[in-house]
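Reader: I would like to go through this model term by term and hear, for each label, what value stands behind it.

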Amino acid sequence: MSSSLAIFGGEPVRIRPFPARETVGEAEKLVLNEVIDSGVLSAFIGAQGKLFLGGQKVRQFESRWSEKFNQEFSISVNSWTSGLIACIGAADVGPGDEVIVSPYTMSASAVCPLFYGAVPVFADIDEETFNLNPVSVEEKITERTKAIVVVHLFGHPAPMNEITAIGKKHNIAVIEDAAQAPGATYGGKPVGAIGDMGGFSFNFHKHIHTGEGGMIVTNNEKLAQKCQRIRNHGENASQDLSEDELINSFGSNLRMTELQAAIGTVQLDKLDELLETRNQLADYLAEKLSKIPGLTPQLVKPDCTHARYVFSLKFNAAEFGCSRTAFARAVAAELPDPGTAEEVVFAEGYINPLYRLPIFQKRAGMGVKHAPLAELSEDFYADGQCPVAERMFEQEMLISPLIREPLTTTDMDDIVLAIQKCAERVSELEDWGDSGEKVTLVDHASR
């Protein structure tokens, strides 16, 4: 390629915008009209009776989810954040307990223990899947540990055999955050209910969505019933329940509407095709990029399938020959200006380790007394406790959402050409250095 880099005034590889993601269609409109015509937009009643578990569409969506993924109990919620809160409550987590969480994930996966006065404890991630490292998890367990929240980050399953073994060894609950991993499998089993319970997100930028929403799954009847009570004003539950059954079962309205459930049922039928497309594009891109020194695409571990929420790879600045920021900005200049976060070619770092959030650094918890965080030492959430997560954020991680429908391998070819062009003229980027801020998805989220 003879053209100068676009970031320095050369001709870009592509100016035509990547096609926008289309997430809803006629099928969704039909079921929405059906619900609207019925006049029943939500059918939950927060008291004993047949509608304690919701209306027809809610129960249909839950049944379809259980059937598809062979998970005995599915409990819909108004968001997966609500689902995490319900799962933590169902695990009987309370004040003074500790919950092991990932530092490299969306914040809700780590702050959910705070709703019950418990302390999030961060374990480090591994080098290849970016999920919790079982060795680090084991090191963080104390006599106060009540649960582990394990995230299937980017859609790749976490090492569930090792983590569930840790849970059984120490008699602590394992909760799977599979928000980014619907349909992914580990050892032939769909993720979500391999541990004690888990669930999925239907936020608008997930594989399938209901605008907002989520689904809890479990194969344990008692945990399912407890999640159902937490979802829907459990204080009104049967007088026959024991004290233990009523723990944490109060004051919540985490319910999904009939509208959301109707959309979710339609969207579920699309999931297999979406996963096939994303895996084809990701595999194609990985095969091309793995030949470029300094770029290491994420590989799928044996006995796992990947849901490909985003495409991830590690960037080695010393081997490639320039900084990560210079590379990301140069590649972006070769491709169309992103109009939304889903059109950013490469974002750097993903998530700043969550213990760096102000709530942890200032130990600002519940109420003016800041319980339970105020009781912690000043260095409890200090830097250095999760060095792999810190290195991924600061130096190595690159992610791209551009492996989504309706893109094709022709679109992937343009991305590869842009990267190859930057690799061939890397000396120019080396001189440029670290100019500018990191390229993030947030930069483009509100455009």
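Author: Gladly, and the ground rules come first. This is a predicted model, in which local features need pLDDT of at least 70 and side-chain atom pairs count only at pLDDT 80 or more, while totals for chains, interfaces and linings use all residues. Residues are numbered from 1 along each chain as its sequence is written, and side-chain values use heavy atoms, with hydrogens and water left out.

Reader: Why does Glu 430 count as exposed?

Author: The cut-offs are under 20% relative accessible area for buried, over 50% for exposed, and partly exposed in between, with a 1.4 Å probe and protein chains only. Glu 430 has 52% relative accessibility and therefore counts as exposed. Glu 430 is found in helix H15 (residues 426–432), where helices (H or I, at least four residues) and strands (E, at least two) are DSSP runs numbered from the N terminus.

Reader: Which residues does Glu 430 touch, beyond those up to four places away in sequence?

Author: Contact means heavy atoms within 4.5 Å, and by that rule Glu 430 touches Gly 321 and Cys 322. Glu 430 and Phe 320 are 110 residues apart in sequence, yet their C-alpha atoms are 9.6 Å apart in space.

Reader: What about Glu 396: buried or exposed?

Author: Glu 396 counts as buried because its relative accessibility is 15%. Glu 396 lies in helix H13 and, neighbours within four places in sequence left aside, is in contact with Leu 313, Lys 314, Phe 315, Arg 324 and Arg 391.

Reader: Which other residues of H13 are buried, and what covers them?

Author: In H13 (residues 387–396), Val 388, Ala 389, Glu 390, Met 392 and Phe 393 are buried, as is Glu 396. The cover includes strand E11 (311–315), helix H11 (324–333) and strand E13 (397–400). H13 lies across E11 and E13, running at about 85° to E11; for such angles, axes are lines fitted to C-alpha atoms, for helices over the stretch in contact, and the values run from 0 to 180 degrees between N-to-C directions.

Reader: What makes H11 "largely enclosed"?

Author: The phrase rests on a count: 7 of the 10 residues of H11 are buried, so H11 is largely enclosed by the rest of the structure. Those buried are Arg 324, Thr 325, Ala 326, Phe 327, Ala 328, Ala 330 and Val 331. H11 lies across E10, E11, E12 and E13, at about 20° to E13.

Reader: Why is one side of E10 and of E12 left without a neighbour in the sheet?

Author: Two strands pair if DSSP finds at least two bridges between them. An open sheet of 4 strands has the order E10-E11-E13-E12, with antiparallel pairing. Strand E10 (295–297) and strand E12 (347–348) stand at its edges with a single partner strand each, so one side of each has no neighbour in the sheet. E12 and E13 run antiparallel and are joined by 2 bridges, which meets the requirement of at least two; Ala 347 has Ile 399 in E13 as its bridge partner.

Reader: How is the sheet of 7 strands ordered, and which strands stand at its edges?

Author: This open sheet has the order E1-E9-E8-E5-E4-E2-E3, with mixed pairing. Strand E1 (73–77) and E3 stand at the edges, each with a single partner strand. Neighbouring strands are turned by 25° against each other on average, direction ignored.

Reader: What makes the pairing mixed?

Author: Both senses occur in the pairs: E5 and E8 run parallel, joined by 3 bridges, whereas E8 and strand E9 (residues 214–218) pair in the antiparallel sense over 5 bridges. Asp 177 has Gly 199 in E8 as its bridge partner, and Met 197 stands opposite Thr 218 in E9.

Reader: How do you know that E8 is largely enclosed?

Author: In strand E8 (residues 197–201), 5 of the 5 residues are buried, so E8 is largely enclosed by the rest of the structure.

Reader: What shows that both faces of E3 are covered?

Author: In strand E3 (residues 119–122), Val 119 and Val 121 on one side and Pro 120 and Phe 122 on the other are all buried. E3 pairs with strand E2 (residues 98–101) in the parallel sense over 4 bridges.
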